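User: Hey, can you walk me through this structure? I'd like the contacts and packing, with cut-offs.

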Amino acid sequence: MSQAHPAFDFIRSHHIPALNIGLEEYRHRVTGAQHFHLAAEDDQNAFLVAFRTVPQDSTGVAHILEHTSLCGSRKYPVRDPFFMMTRRSLNTFMNAFTAPDWTAYPFATRNRKDFDNLLDVYLDAVFFPSLNELDFLQEGHRVEFAEADNPNSDLVFKGVVYNEMKGAMSSPVSALYQAMTRELFPTITYHHNSGGDPAHIPDLSYQQLKDFHARHYHPSNAVFMSYGDIPAAEHQARFEDQALQEFDTLKIDIAVPDEQRYSAPRQVEDRYALDGEEDTSDKTHIVIGWLLDKATDAEAVLRGHLLSGVLLDNGASPLRRALETTELGCAPSPLCGLSDSTREMMFSAGLEGSNPEHAEAVETLVLDVLKQVAEEGVPQEMVEAELHQLELSQREISGDGFPFGLQLMVHGLSPILHGADAIEAIDIDPALAKLREQIQDPNFIKSLARQILDNPHRVRLVMTPDPKLSEEQAAAEATRLAAIRAKMDESHKQRVIEQAQALLARQNQQDDPEMLPCVTLEDVPAELSIPNGEEHQIAGMPATCFARGTNGLVYQQIVVDLPELDSELAELLPLYTEILPEVGYGELDYLQAQGIQAAVTGGIGASAAIRGTVADVQRDRTVFTLSGKALLRNHDKLGEMMHGIFTAARFDELPRIRELVAQERMYREERVTQAGHALAMAAASSGLAPNAALQHRWSGLAGIKALKALDDSLDDAAALKALADKLAALHQRLTQAPRQLLLVGEAEQLGAMRQALGQQWQQAPAMAAGQPFAAPAASGQLRQAWTTSTQVNFCAKAYPCVPAEHEDAPALTVLAAFLRNNFLHRAVREQGGAYGGGASFDPDSGAFRFFSYRDPRLNDTLADFDQSVQWLLDNQHEWRLVEEAILGIVSSIDKPGSPAGEAKKTFHGSLHGRTPEQRRRYRARILAVREADLKRVAETWLKTENASIAVITDSQTLEKHPELGLERIKL
């Protein structure tokens, strides 16, 4: 039996063979707090504590509390322990999440000392936060004068969450999701925006924040989860000593009730902001949503995912095919599919790029497909293919962006918080086995479709663009502020000024960092662990094989050195990579190809990568990669399919290509408000190196603008045929270029994989030697403003610097972290109100970049970037601050990925000169950086006259800043 700490009762344990982990359940004897431990032979230990949080309004109370609880606590009374710990830690993940009905505080690290440090800080933060009113004003909302000490200037709303949610709600998809949940849940917590609606955030009082914490952040309402090789009892000892011993049980009912069900379907109309556009045609979202079964029923969740996959997984799926091929809209809605993140699940289907008058026709289209499936079913192989996808997702060890242990915990968290059985929530193999039996009944899928059809709790949402909505919202905000100002007497105005002064003083106060625990450079591992591959030959092609613990999955890649291309074909490469896996090949049309892909693979994708060399960013190497993964039993079928796609892809299905271009346009446009800081940095860097210029045209703002123009031209049949011909020509060039293979799998699998591939590639196009692709020269310094529909800004500045092997590159890398930690976070986020801000050094393009994210300011932020450099040069700085910056960089370098992900990173890094030796050498040079190096490289390379600028903003904001002198480009 698993050992428990005396303060906890052991409840049960369960081994999950598919994941090779043990699930242990415990309960705290006094408070009833639950602890679920996932025991694994993995030194990347992870932890989270979560609370049911069920707001009853859209003030963002749970979200603002998540921010404010991390601003100091009883044991750690510093102003910003969370961000300070990100600098004093070797964590592989640190964050906090606010979901619609829970709030969680997770972290992961491979260092045991670091784990204990972070655990202590997290426990104190959630159970004993300071909740200082000034921190509430900073993180949540406040009113200030536009000129903080001038009572005659305008009043403005400020606050980090306030601006974060202004940015979030600038996204039409976010607005669409909030509208759908509001209508499907008319009476319970999901009716509200848990992140906070900017129109309602200022309604939240400081006392309401404190009351919400007292009610929700109690151990009796908490779930603790841990993962890794630290025994559960050791975690429990710290839970008890650091927090739980101070609490008694609390009778509390924060359960989310069942929603009251509609007796008949409803139709709803709403609007989203579309600034600067007069033509609103083909920009309406029409979505039909249903409220389904409880997400606490593991079998119901799997049935929902199976049906959603059958209907929508790929181009051969009946509902997706209908939505992709209809003339009623441009692309399937991003909301399409099953959502199980709420206590009762939602299923949605519809279109984007439509028009309001098509609402009834779109609803009829969706219902007709469901009726057809309910009456006729679907081919059994389609059902088997979707069950295969569920099985593969259960077995795959992922974790390249988010640690695997945390993925498992977060996946099970929501149903567990709502009372689901933890074993059933995390170990889905028994439910999969039952589902496999159920699908043998030919009426099974029919009955699932019938259940949706017969469900009257249905909403048809029509979300139309409104070019005036942003002006209305700004006017309403101005009216509200004017009303506040009208009630102010002189003493009230003085209190606002004094409050702003007090907040500024708190933001500038120098806390004693030694109050917080830390790791030091002495705790950094001596070596960087990098997997080794073996070189082989397969059918005359170089092949690199990595033996990795992939839990029964295999991964294959075809990697092609990009040949010399004319500019037209080169510009099409990113679109080609999106289209290639979605079209037919050989004798198969795209519907047949999509069906086979779902049945035997975990997905096939294509990509292109260009990186500057380690010695010269003006020279580069570009590769095209076709990737796939599958369960071991399907490795030969995966190889056959990838060979077929690579050698015989078809570009003659013109309607399919038209659909895919429209879908890609929609996806890329929606990315602007979600990843605007990355797009702004790419634009600012685009004049500095050929690879940066090409990235900007491929996946950046210039690429989005070009894709919109291409999509607008394709209603002309001749233009569509010309595009297809160019894609075919590009494909032909790639099939004749030098190529090699990458294989990743369990050691005992690799021999069979090589043998099967050797037979499959006997008949393949010959590889012709030729000139490699060379990106055109960059244009040089630029100053640009890209305008779009947004309530917030994204600012970036870029400086030309050096390649990876230059002696200054490590110092520039550390400098970015140093400026972010010690100046930019305070100036841009805390004082400026942006959701985020910082700096980074990109050795691929040799560019040092500053950025801000969801930022209410423009000119002042750009000035802060310059001031950060001057602050560095004008002051002496403690070694501790340099050490913290180095720790953050080393932590990111050492962060483990998935078994397959680390192999791919090693292989592709080596292709571009980032060999294991180079990576280890660069890491050692990072560890050797000192303060003098930071000042030297800043003075040498970060000269204001050399900076390029790019911002993303709206037209009205830009017009207020003529002093910036930026070239205006409408996105």
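Analyst: Sure, here is a run through the model, topic by topic. It is a predicted model, where local features need pLDDT of at least 70 and side-chain atom pairs count only at pLDDT 80 or more, while totals for chains, interfaces and linings use all residues. Residues are numbered from 1 along each chain as its sequence is written, and side-chain values use heavy atoms, with hydrogens and water left out.

User: Cool. How many salt bridges are there in the whole structure?

Analyst: The search finds 66 salt bridges. A salt bridge here is a side-chain nitrogen of Lys or Arg within 4 Å of a carboxyl oxygen of Asp or Glu.

User: What does D43 pair with?

Analyst: D43 meets R110, with 3.2 Å from N to O. D43 sits in the loop between β3 (34-39) and β4 (45-52) and R110 in the loop between β7 (102-109) and α3 (112-127), so the bridge ties together parts 67 residues apart in sequence. For the names, helices (H or I, at least four residues) and strands (E, at least two) are DSSP runs, numbered from the N terminus.

User: Are those two buried or exposed?

Analyst: In between: D43 is partly exposed at 33% relative accessibility, and R110 is partly exposed at 39%. Buried means under 20% relative accessible area, exposed over 50%, and partly exposed in between (1.4 Å probe, protein chains only).

User: Which residue does E527 bridge to?

Analyst: That would be R920, at 3.4 Å from N to O. E527 is in the loop between α18 and β17 (534-538), R920 is in helix α32 (residues 916-927), and the two are 393 residues apart. E527 counts as exposed at 56% relative accessibility, whereas R920 is partly exposed at 29%. Elsewhere, salt bridges that share partners join R658, R665, E669, K708, D711, D712 and D715 into one network.

User: Switching to sheets. What's the strand order in the six-stranded one?

Analyst: The order is β17-β18-β22-β19-β21-β20, in an open sheet with mixed pairing. Two strands pair if DSSP finds at least two bridges between them. β17 and β20 (604-612) are the edge strands with a single partner each, so one side of each has no neighbour in the sheet. Twist averages 25 degrees from one strand to the next.

User: And how do β19 and β22 run, parallel or antiparallel?

Analyst: Antiparallel, with six bridges joining β19 (residues 553-561) to β22 (residues 739-745). One detail there: Q556 has L743 in β22 as its bridge partner.

User: Which helix lies across β20 and β21?

Analyst: Helix α24 (residues 690-699) does, running at about 145 degrees to β20. Axes are lines fitted to C-alpha atoms, for helices over the stretch in contact, with angles from 0 to 180 degrees between N-to-C directions.

User: OK, cores. Which residues touch the most other members in the largest nonpolar one?

Analyst: F47, V49, Y105, F127 and F224, out of 63 residues in that core. Its largest share, nine residues, comes from α3. A nonpolar core is a set of buried Ala, Val, Leu, Ile, Met, Phe, Trp, Tyr and Cys residues joined through side-chain atoms within 4.5 Å. Not counting residues up to four places away in sequence, F224 touches residues including F36, F47, V49, L123 and F127, with contact meaning heavy atoms within 4.5 Å. A second, separate core of 55 residues includes C545, V583, Y585 and F773.

User: Does α11 have a sane length, or what span should it have?

Analyst: Its 18 residues (359-376) should span 26 Å at 1.5 Å a residue, and the end C-alpha atoms are 26 Å apart, which agrees. The expected span is 1.5 Å times one less than the number of residues. Buried residues in α11 include A359, V362, L365, V366 and V369, and the elements covering the buried ones include β12 (284-294), α9 (298-312) and β15 (344-354). After α11 comes G377, with a positive phi near 75 degrees.

User: Last one: where does R506 lie, and what is it in contact with?

Analyst: R506 lies in helix α18 (residues 490-508). Leaving aside neighbours within four places in sequence, R506 is in contact with C71, R79, N132, L134 and D135. R506 counts as buried, at 13% relative accessibility.
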